[in-house]
Amino acid sequence: FSTAPNPAARPFIFAGGIEDRARASDCLAAAVLYEAGDDAVGQHAVAQVVLNRARHPAYPSTVCGVVFQGSERRTGCQFTFTCDGALNRQYSAAAWDRARGVAGMALAGYVYAPVGLATHYHTDWVVPYWSDSLEKITAVGTHLFFRWPGGWGKPAAFRQRSNGVEPGIGKMAKLSPAHALALGGAGVELADAG
């Protein structure tokens, strides 16, 4: 692990309208649920990484853009659940409510400080090709968290701003009324496995 300071991220306050916030919240909730399961600590860590990326110039400036970056490909997506078919797995309404709670906190300024300015993570039983090129900064459960080396991993690099407009994501339409409405759909049923 890096011995350099691990500064916390600045609070992220979502600045878009009600519909855009609903889409951002549902994208973030999907990321924390499908990436960390129903583990609150892991969910907060994942949410922080997504928001760190949204502020970094190497990534899209929207929450949904970050979560679904590369999802149009079978491989190469930034978050595996967006391109491997995992979105077909249903979670209970209670699990979604908890994930939406974590997302809401993060979009209202909650900072999960232990992961600092991490923009990457992976489980401790794999070794992605990129892990040696980044600074490993902490572990949360069975996940290792990384930041960019040099200036790109410093607070000054996290300067990108969103205009508050979140895209409608087709892959979210069956899970999120906000996405279905943005895409012209109606009558969406929320995922509920009971």
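Which hand does the link of cysteine 27 and cysteine 64 have about its S-S bond? Right-handed, with an angle of 105°. Keep in mind that what you have here is a predicted model. Besides its disulfides, this briefing walks through a three-stranded open sheet, a helix that lies across that sheet's strands, and a pocket with about 690 Å³ of space.

**Disulfides**

- Searching the whole structure turns up two disulfides.
- In one of them, the sulfur atoms of cysteine 27 and cysteine 64 sit 2.2 Å apart.
- Cysteine 27 belongs to helix 1 (residues 18-36) and cysteine 64 to helix 3 (residues 63-67), so this bond ties together parts that lie 37 residues apart in sequence.
- Don't look for this pair on the outside: cysteine 27 and cysteine 64 are both buried.
- Cysteine 77 and cysteine 83 make another disulfide, with an S to S distance of 1.9 Å, and both of these cysteines are buried as well.
- Number the bonded cysteines of the chain in sequence order and the pairing reads 1-2, 3-4.
- As a quick reminder, a disulfide is a covalent bond between the sulfur atoms of two cysteines.

**The sheet**

- Three strands make up an open sheet, in the order 1-3-2 with antiparallel pairing.
- Strand 1 (120-123) and strand 2 (135-140) are the edge strands, each pairing on one side only.
- From one strand to the next, the twist averages 25°.
- Strand pairing in a sheet goes through backbone hydrogen bonds, either parallel or antiparallel.
- Between strand 1 and strand 3 (residues 143-147) there are four bridges, in the antiparallel sense.
- Two of the residue matches are easy to find: tyrosine 121 has phenylalanine 145 of strand 3 as its bridge partner, and threonine 123 has histidine 143 of strand 3.
- Strand 2 also runs antiparallel to strand 3, and five bridges join them.
- Histidine 143 turns up here too, as the bridge partner of valine 140.
- Strand 2 and strand 3 form a hairpin with two residues between the strands, where glycine 141 takes a positive phi near 60°.

**What is covered around the strands**

- Five of the five residues of strand 3 are buried, so the strand is largely enclosed by the rest of the structure.
- Strand 3 is covered on both faces, with His143, Phe145 and Arg147 buried on one side and Leu144 and Phe146 buried on the other.
- On strand 1, His120 and His122 point one way while Tyr121 and Thr123 point the other way, and all are buried.
- Helix 2 (residues 40-55) lies across strand 1, strand 2 and strand 3, and its direction makes an angle of about 145° with strand 1.

**The largest pocket**

- The largest pocket holds about 690 Å³ of space.
- It is lined by 29 residues, and those closest to its centre are Cys77, Gln78, Thr80, Tyr121 and Trp130.
- Two of the names above come back here: Cys77 is part of a disulfide, and Tyr121 is bridged to strand 3.
- Strand 1 gives the most to the lining, with four residues.
- Helix 1 also contributes, since helix 1 and strand 1 each supply at least two residues of the lining.
- For background, rolling a probe the size of a water molecule over the atoms shows where empty space is left.

**Two residues to compare**

- Is glutamine 43 buried or exposed? Glutamine 43 counts as buried because its relative accessibility is 1%, under the 20% cut-off.
- Glutamine 43 is found in helix 2.
- Setting aside neighbours within four places in sequence, glutamine 43 is in contact with Val32, Leu33, Ala36, Gly37, Asp38, Arg98, Ala99 and Val102.
- Asparagine 163 sits in the loop between strand 3 and helix 5 (177-182).
- Asparagine 163 counts as exposed because its relative accessible area is 64%, over the 50% cut-off.
- Asparagine 163 and serine 61 are 102 residues apart along the chain, yet their C-alpha atoms are separated by 8.1 Å.

Key. Residues numbered from 1 in each chain as written. Predicted model: local features only at pLDDT ≥ 70, side-chain atom pairs only at ≥ 80, totals over all residues. Heavy atoms only, no water. Disulfide = S-S within 2.5 Å. Buried < 20%, exposed > 50% of the residue type's maximum accessible area, 1.4 Å probe, protein only. Pairing = 2+ DSSP bridges. Axes fitted to C-alpha atoms, helices over the stretch in contact; angles between N-to-C directions. Contact = heavy atoms within 4.5 Å. 1 Å grid on protein atoms, 1.4 Å probe; cavity = no way out; pocket = protein on both sides within 12 Å on 5 of 7 lines; lining within 4 Å. Points joined across faces, edges and corners; volume = space filled by probe spheres on them.
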